[in-house]
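Colleague: I'm new to reading structures, and I'd like to go through some of the labels people put on them. Could you show me the one you have open, and let me ask where each label comes from?

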Amino acid sequence: MPSTFSNEITIGGVHYRLSATTESDDSLVLDLLGTDEEGKVAADGRLQLPIEGGATIGKILGRVLSAHTRLHRTPTRHANANNPWTQALDEELREAWMLPGHDVASERIKVLAKRMQRSPTAIRARLPRVGCDPDVVSRPLSAAGAMVLGVKSSVPSDSP
């Protein structure tokens, strides 16, 4: 007895409908239709698969489509990417990090990245170098933290 499962989603103004229908005990048919707001067909296709391979083929399709999307995505380029850090920029970063606040580290990093036109990864990597704990807003980097992160500590050692 045939059975059908369907799912729908709208992406970028195109409404997609994917249906999986078992036409027999060993055959699965996938039908995809995508239409824009005016009803114009933007995507259309049909695959016939053996039932036992459906989930595995779904994983393969996901991998292939994800890889294709990554290949054609324009990478984000930050205006100050690859520009050297100056002492003034280091001081600005340190002062902004050490301001008291209740925000979490990841949010403060995003704000600083946008303001300094650098990636969040660049900001997080630079924080220990200016003596800041990248995991806790407004906390200086401890000597132990500096050792773990492999940076020179700007905090006096606990030893006499």
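Modeller: Sure. This is a predicted model. Let's start with Asp103, whose side chain makes a polar contact with the side chain of Arg108 at 2.8 Å.

Colleague: What makes that a polar contact between Asp103 and Arg108?

Modeller: The two side chains are 2.8 Å apart, and the cut-off for such a pair of N or O atoms is 3.5 Å. So 2.8 Å falls within the 3.5 Å limit.

Colleague: Why is the pair of Arg108 and Asp103 called a salt bridge too?

Modeller: That label needs a side-chain nitrogen of Lys or Arg within 4 Å of a carboxyl oxygen of Asp or Glu. The closest N and O atoms of Arg108 and Asp103 are 2.8 Å apart, so the pair passes that test as well.

Colleague: How do you know whether Arg108 and Asp103 are buried or exposed?

Modeller: Buried means under 20% relative accessible area. Arg108 has 9%, so it is buried. Asp103 has 32%, which lies between the 20% and 50% limits, so it is partly exposed.

Colleague: Where is Asp103, and what else does it touch?

Modeller: Asp103 is in the loop between H2 and H3. Not counting residues up to four places away in sequence, Asp103 touches Arg108 and Val137. There's also Val136: 33 residues from Asp103 in sequence, with the C-alpha atoms 9.2 Å apart in space.

Colleague: How many salt bridges are there?

Modeller: Seven by this rule. One of them joins Asp31 and Arg46, with N to O at 2.6 Å. Asp31 is in strand S3 (residues 27–36) and Arg46 is in strand S4 (residues 41–50), so this pair links distant parts of the chain, 15 residues apart.

Colleague: Why is Asp31 called partly exposed but Arg46 exposed?

Modeller: Exposed means over 50%. Arg46 has 56% relative accessibility, so it makes the cut. Asp31 has 25%, so it counts as partly exposed.

Colleague: What does the salt bridge of Asp135 and Arg124 tie together?

Modeller: Asp135 is in the loop between helix H4 (120–126) and helix H5 (143–149), while Arg124 is in helix H4, so their pair ties together parts eleven residues apart in sequence. Their closest N and O atoms are 2.6 Å apart. Asp135 is exposed at 51%, and Arg124 is partly exposed at 36%.

Colleague: What makes you say that a charge sits over the ring of Trp85?

Modeller: The charged end of Arg118 is 4.1 Å from the centre of that ring. The distance limit is 6 Å, and the charge must also be within 35 degrees of the ring normal. Arg118 is listed as sitting over the ring of Trp85.

Colleague: And how many aromatic pairs are there?

Modeller: Zero by the rule used here.

Colleague: What makes a set of residues a nonpolar core?

Modeller: They have to be buried residues of certain kinds, such as Leu, Ile and Trp, joined through side-chain atoms within 4.5 Å. The largest one here has 14 residues, and those with the most contacts inside it are Leu93, Trp97, Leu112, Ile123 and Leu127. Helix H2 (87–98) and helix H3 (105–116) each supply at least two residues, and H3 gives the largest share, five residues. Leaving aside neighbours within four places in sequence, Leu127 is in contact with Leu93, Trp97, Ile109, Cys132 and Pro134.

Colleague: Why is Ser27 called buried?

Modeller: Ser27 has 9% relative accessibility, so it is under the 20% limit. Ser27 is in strand S3, and its side chain makes a polar contact with the side chain of Gln48 at 2.9 Å. Among the residues Ser27 touches, beyond four places in sequence, is Thr22. Thr22 is in strand S2 (residues 14–22), and at 18% it counts as buried too.

Colleague: What makes Asn82 worth pointing out?

Modeller: Asn82 has a positive phi of about 70° although it is not a glycine. Most residues other than glycine have a negative phi. Asn82 lies in the loop between helix H1 (54–72) and H2, and at 72% it is exposed. Gln117 also has a positive phi, about 55°, and is found in the loop between H3 and H4.

Methods: Residues numbered from 1 in each chain as written. Predicted model: local features only at pLDDT ≥ 70, side-chain atom pairs only at ≥ 80, totals over all residues. Heavy atoms only, no water. Buried < 20%, exposed > 50% of the residue type's maximum accessible area, 1.4 Å probe, protein only. Helix = DSSP H or I, 4+ residues; strand = E, 2+ residues; numbered from the N terminus. Contact = heavy atoms within 4.5 Å. Phe/Tyr/Trp six-rings, centres within 6.5 Å; stacked < 30°, edge-to-face > 60°. Polar contact = N/O pair within 3.5 Å; in protein donor to acceptor, adjacent residues only side chain to side chain.
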